[in-house]
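Welcome, and please open the viewer. Let us walk through this structure stop by stop, selecting a few residues at a time.

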Amino acid sequence: MLLTVFVYVSILAFIGLSLYKAYQYAKMPMHGRWELYPVPKEPGGKGHYGGSYYEDLEWWNKPREVSHAGEIIDMLKEMLFIKNLFINQRRQWWLSYALHLGIYLLGLWTVLLAVGAITELSGLTLSTPEGVSSNAWASLVYYATFISGGAGALLLGFGSLSLFLKRCFNNTFAKYTTPQEYFNLFFLFAVVASGMVVWSADPGFNYGREIMKALFTFSPIQADTALTIHILLLGAVMIYIPQTKMSHYVGKYFAFHKVLWDNEPNLRNSKMESIVKEAISYKPKASWSAPHINPAAQQEKK
């Protein structure tokens, strides 16, 4: 039961810490807005050529129109396909996207494991290497799980190891890579490597569905040494990720929505006006001694 409890804790910690990170971002003072056009939330043709509602005659007297669909679509292009890296650094994109696509596929694999566990608990059988189930749904779940899990593990392993080695042997990358970034990539590779060891003995991912069934029924997880190590590493990385820079999956929404594309007008008596006033009144806790900020401090040094 200790493994079962540990898995529950790691899942809840990942969700809770991610939500707390989002809360921290949401409560931060107003960022210096970039207003980089084109802004995809501009409706109609303006969003395509870089136009703005500011072009409209007496725009302040007209209702503000926002295309949330355009904003979400453009944001998903970056989150799912890392569009900017593809455009600006194509060589780096192949390695980075392999890592990210591997994570996405393993997320799908986790969902399919849960679906497979529910299918088995419902009395339906799943396909196994020993024989194909006559149930079409069970067969579909089995093969989708096999493809997403296998491809995800291979891509994540390749991406994390390749990026680790590139940062080690490429002088340009090595100059600004911190020890934690090396550790992050090695940690991800260790998790996927331990998982591939377990997978080699069970290509059908039956162990994964058994774990899911144990979680759904709050039963002990039956695991050998290799599976125990993998579960401990996977749970540890789930607790670790939201507390590091790898939690950018939370910050990207705020970076796009509140920094790059925030062009909400600062009108009198508006909500934006109150936000700007609050930001202007913000005083940093640290005392600055630069002469243009604190002339008295400069005189004391003399």
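## First stop: a loop residue

Start by selecting E58, which counts as partly exposed at 43% relative accessibility. Its home is the loop between α2 and α3. Keep in mind as you look around that this is a predicted model. What is the phi of E58 near? It is near 50°, a positive value in a residue other than glycine. For background, most residues other than glycine have a negative phi.

Stay in this loop and select S52, which is placed between α2 (46–49) and α3 (68–81). Is S52 buried or exposed? With 6% relative accessibility, S52 counts as buried, because the cut-off for buried is under 20%. Now show the side chain of S52 and the backbone nitrogen of Y54: the side chain reaches that nitrogen at 3.1 Å. Leaving aside residues up to four places away in sequence, S52 touches Y37, E42, K46 and N263, so add those four to your selection.

## Second stop: α6 against α8

Next, colour helix α6 (residues 136–169) and α8. Two packed helices are described by the angle between their axes and the distance between the axes. Here the axes of α6 and α8 come within 9 Å and cross at roughly 145°, and the crossing is left-handed.

To see the contact itself, pick these two groups:

- from α6: F146, G150, A153, L154, L156, G157, S160, L161, L163, F164, R167 and C168
- from α8: E181, Y182, L185, F186, L188, F189, V192, M196 and W199

Try colouring this contact of α6 with α8 by residue type: 16 of its residues are nonpolar, three polar and two charged.

## Third stop: α8 against α10

Keep helix α8 (residues 179–201) on screen and add helix α10 (residues 225–240). The axes of α8 and α10 come within 9 Å, crossing at roughly 145°. This crossing is left-handed.

On the α8 side, the residues to select are Q180, F183, N184, F187, L188, A190, V191, S194, G195, V197 and V198. On the α10 side they meet A226, L227, H230, L233, L234, A236, V237 and Y240. How many residues of the contact of α8 with α10 are nonpolar, polar and charged? The residues divide into 14 nonpolar, five polar and no charged.

## Fourth stop: salt bridges

Side chains of opposite charge can pair when their charged atoms come close. The structure holds eight salt bridges; here are some to visit.

Select K245 and E181 for one of them: their side chains meet with 2.5 Å from N to O. This pair links distant parts of the chain, since K245 sits in the loop between α10 and α11 (248–260) and E181 in helix α8, 64 residues apart. E181 counts as buried, at 12% relative accessibility.

Move on to E120 and R209, whose side chains form a salt bridge at 3.8 Å, N to O. Again, distant parts of the chain are linked: E120 belongs to helix α5 (residues 90–121) and R209 to helix α9 (residues 206–217), 89 residues apart. E120 is partly exposed, with a relative accessible area of 23%, whereas R209 counts as buried at 0% relative accessibility. Add E210 and K213 to the selection, and you have a network of salt bridges linking E120, R209, E210 and K213.

Another pair to show is D74 with K83, where the closest N and O atoms are 3.5 Å apart. K83 is partly exposed, having a relative accessible area of 27%.

## Last stop: two more loops

Go to the loop between α10 and α11 and select S247. S247 is buried, with a relative accessible area of 3%. A polar atom of the S247 side chain lies 2.7 Å from the backbone oxygen of T244. Not counting residues up to four places away in sequence, S247 touches K21, I241 and P242.

Finish in the loop between α11 and α12 (271–281), where you will find N269. N269 is exposed, with a relative accessible area of 71%. Its phi is positive, about 65°, although N269 is not a glycine.

Definitions and conventions:
Residues are numbered from 1 along each chain as its sequence is written. This is a predicted model: local features need pLDDT of at least 70, side-chain atom pairs count only at pLDDT 80 or more; totals for chains, interfaces and linings use all residues. Side-chain values use heavy atoms; hydrogens and water are left out. Helices (H or I, at least four residues) and strands (E, at least two) are DSSP runs, numbered from the N terminus. Buried means under 20% relative accessible area, exposed over 50%, partly exposed in between (1.4 Å probe, protein chains only). A polar contact is a pair of N or O atoms within 3.5 Å; within protein, one must be able to donate a hydrogen and the other to accept it, and residues adjacent in sequence count only if both atoms are side-chain atoms. Contact means heavy atoms within 4.5 Å. Axes are lines fitted to C-alpha atoms, for helices over the stretch in contact, and angles run from 0 to 180 degrees between N-to-C directions. A crossing is left-handed if the near helix is turned anticlockwise from the far one by less than a right angle, and right-handed if clockwise. Ala, Val, Leu, Ile, Met, Phe, Trp, Tyr, Cys and Pro count as nonpolar, Asp, Glu, Lys and Arg as charged, and the others, Gly among them, as polar. A salt bridge is a side-chain nitrogen of Lys or Arg within 4 Å of a carboxyl oxygen of Asp or Glu.
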